[in-house]
Amino acid sequence: MKTMDLAMYIGGEWHHGGGPRLDVVNPATAEPLATIPDGTAADLDSAVASARRGLAVWRETHPRVRTQVLFRIAETIKARAEEFAHLDGLNLGESMGTGMWTMHDVVARRFEYYAGMADKIRGDSFVTPGRFLSYTLREPIGVTGHIVPWNGPLWIGSRTIAPALAAGNSVVVKPSSEAPITMLKFAELCVDAGLPPGVFNVVTGRGSGIGDLFATHPGFDAIYFTGSTVVGRRIMEMAARNNVKTVMELGGKSPNIVFADADMEAALDGAILAIFANSGQICVAGSRLLVQESIHDEFVARLVEKAKAITIGGPEDNAMMNPVISAAQKARILDYIEQGKKVARLVTGGGTPADPKLQKGFFVAPTIFDRVPNDSVIAQEEIFGPVLSVSSFRDFDDAIAKANDTRYGLASAVWTENAKTAHLAAQAIQAAQVFINHYYTAAFEVSRSPYKASGSGMSEGPDAIYEFLNQKSVSVKIGESTWG
Ligand code: NAP
């Protein structure tokens with residue numbers, strides 16, 4: 001296949017940049033797929049200046065028109081879903097089915113949802129009779145910077161881009177240099193939908209290069225970062241020097257708790273999905289499985305059987321599990337597996353799958369460690385790969401103590417037939433999401449905010465729109481005050 005030579009999208013035009021280019025690799029074959037510019041400080045300056053010009057137009061655009069444009073973006077995503085799913089398949093190694101679901105049920109849906117909000121941004125008013133009229137003005141924050149990880153360029157990117165545009169902001173995005181393709185294609189689609197030039201811009205390049213410059217660039221009014229806790233903390237520290245607002249969606253090490261009274265078959269399937277979907281490269285993956293002691297042995301034995309039955313392959317193989325994103329990520333995961341072998345019992349997987357077809361791409365076998373001490377590295381650090389840590393608990397209090405014994409607070413799940421246990425656990429767990437008797441199906445129409453080192457700020461649903469708006473209070477003196 002011919003390598004795609006991609007360009008940055010700035011001010012409504014494509015920019016190839018004068019500097020070096022970076023390779024984008026197909027993780028299923030380890031072959032080159034595309035090249036992108038390794039953007040420079042001058043490219044970022046140009047994108048931010050263009051976004052400032054775009055802002056002047058977009059913030060004055062009638063909210064009704066913003067609604068129409070966002071709906072058209074959603075329609076175009078659906079119309080071109082197959083093309084986008086195919087490109088994500090090549091770039092992320094994921095199956096066509098996953099890509100089609102992402103485009104229709106996540107990306108297009110988010111644009112529809114926030115299209116509907118663009119003309120419903122309202123304020124409050126308060127009247128002190130005969131004295132003061134006070135009211136709120138909600139205004140776009142301005143030029144917003146968005147840094148997106150590789151595990152879902154549009155899946156993750158649309159979570160901040162859609163509400164940012166709905167609220168009247170302009171956008172500069174930096175996708176991961178490992179997975180930039182569909183974000184660049186998305187720029188084309190914005191033009192077709194009628195978004196004025198400069199409102200949406202994409203720069204490309206290394207995180208440690210152009211990405212790092214985001215946090216200190218004086219032209220941003222807010223930065224929305226999704227990625228690892230380590231990089232997020234660095235961006236927060238640097239942005240704080242300019243008093244720039246940051247919203248952070250960071251890493252996780254989510255507990256998946258199975259009580260003895262759970263529907264065991266459902267909990268087994270849920271535990272498999274929780275860690276092996278997208279090869280474990282999901283921020284909310286259920287990577288710590290806590291099973292009540294009385295069912296632990298049977299549960300783990302059956303879990304191992306299910307893990308061994310998982311099919312592995314590239315995007316076209318219709319397999320249950322695909323490659324991880326890069327050689328570096330695979331090496332990182334294998335390193336965690338070696339550390340795990342020293343502290344826990346490896347019950348399945350533990351390296352590259354044996355199939356000769358899977359030696360070239362970046363494949364890792366579904367791996368389960370049992371009897372994992374909660375203070376070990378594999379129980380505490382986010383591996384972001386198909387590696388599950390299992391341990392047991394005695395009773396409710398022990399389960400909650402172990403579930404919360406982590407610096408992260410992104411997601412969790414509870415499996416039980418007892419409604420009281422489920423709701424008490426939901427209250428006691430320190431995490432932004434609690435799935436009860438399933439994993440992953442969270443309605444994004446409901447807002448949430450991460451706990452602990454998993455981030456800060458509201459995402460999804462109606463409340464997220466306020467992360468993209470400034471709020472001003474205006475008070476008008478309409479009569480003499482009686483307060484002296
Ligand atoms: P990452 O290394 O933190 O990178 C995330 C993004 O930041 C990429 O675009 C990356 O660019 C860029 N970046 C890297 N170093 C940077 C720096 N010094 N300054 C500015 N930008 C920088 O994370 P990742 O490995 O791509 O993604 C996996 C992580 O994302 C996991 O921790 C996962 O939990 C988290 N995540 C969280 C959520 C959530 O909603 N909470 C969702 C998805 C993923 P390059 O890739 O080009 O280096």
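Between which domains does the ligand lie? Domain 1 (4-250 + 454-472) and domain 2 (255-436) both contribute residues to the shell around the ligand, so the ligand lies between them; the domain bounds come from an automatic or database domain assignment. The structure is a predicted model, in which local features need pLDDT of at least 70 and side-chain atom pairs count only at pLDDT 80 or more, whereas totals for chains, interfaces and linings use all residues. Residues are numbered from 1 along each chain as its sequence is written, and side-chain values use heavy atoms, with hydrogens and water left out.

The ligand is surrounded by 30 residues, of which Arg159, Ser177, Ser228, Leu250 and Glu382 come nearest; a residue is near a molecule or strand if one of its heavy atoms lies within 4 Å of it. In composition, the shell divides into 13 nonpolar, 10 polar and seven charged residues. In this division Ala, Val, Leu, Ile, Met, Phe, Trp, Tyr, Cys and Pro count as nonpolar, Asp, Glu, Lys and Arg as charged, and the others, Gly among them, as polar.

Polar contacts are pairs of N or O atoms within 3.5 Å; within protein, one must be able to donate a hydrogen and the other to accept it, and residues adjacent in sequence count only if both atoms are side-chain atoms. A side-chain N or O atom of arginine 159 is 2.5 Å from an oxygen atom of the ligand. The backbone also takes part: a backbone N or O atom of glycine 205 lies 3.5 Å from a ligand oxygen, and a polar backbone atom of glycine 227 is 3.5 Å from an oxygen atom of the ligand. On its own the ligand has 900 Å² of accessible area, of which the protein covers 88%; accessible areas come from the Shrake-Rupley method with a 1.4 Å probe, and for residues only the protein chains shown count as cover. Two or more residues of the shell are given by each of helix H5 (153-166), helix H7 (207-214), strand E11 (222-226) and helix H8 (229-241). Helices (H or I, at least four residues) and strands (E, at least two) are DSSP runs, numbered from the N terminus.

Side chains of opposite charge can pair when their charged atoms come close. The structure holds 31 salt bridges, each defined as a side-chain nitrogen of Lys or Arg within 4 Å of a carboxyl oxygen of Asp or Glu. Arginine 159 forms one of them with glutamate 249, the closest N and O atoms being 3.9 Å apart. Glutamate 249 lies in strand E12 (residues 245-249) and arginine 159 in helix H5, so this pair ties together parts that are 90 residues apart in sequence. Both glutamate 249 and arginine 159 are buried, where buried means under 20% relative accessible area, exposed over 50%, and partly exposed in between (1.4 Å probe, protein chains only).

Strand E12 also holds lysine 245, whose side chain meets that of glutamate 467 in a salt bridge (2.8 Å, N to O). Because glutamate 467 lies in the loop between strand E22 (455-456) and strand E23 (469-477), the pair ties together parts that are 222 residues apart in sequence. Glutamate 467 counts as buried at 14% relative accessibility, while lysine 245 is partly exposed at 29%. Elsewhere, salt bridges that share partners join Glu75, Lys78, Arg109, Glu112 and Glu445 into one network.

A further salt bridge links lysine 120 to aspartate 119, with the closest N and O atoms 2.8 Å apart. Lysine 120 is exposed at 52% relative accessibility, and aspartate 119 is partly exposed at 37%. Aspartate 119 belongs to the loop between helix H4 (96-118) and strand E6 (125-128). Its C-alpha is 6.7 Å from that of threonine 67, a residue 52 positions away in sequence. In helix H2 (residues 63-79), the side chain of threonine 76 reaches the backbone oxygen of arginine 72 at 2.5 Å; threonine 76 is buried, at 17% relative accessibility.

Most residues other than glycine have a negative phi. Serine 279, although not a glycine, has a positive phi of about 55 degrees. Serine 279 lies in the loop between helix H9 (264-276) and strand E14 (288-292) and is buried at 1% relative accessibility. Asparagine 318 likewise has a positive phi, near 55 degrees. Asparagine 318 is placed in the loop between helix H10 (293-308) and helix H11 (327-343) and is exposed, with a relative accessible area of 68%.
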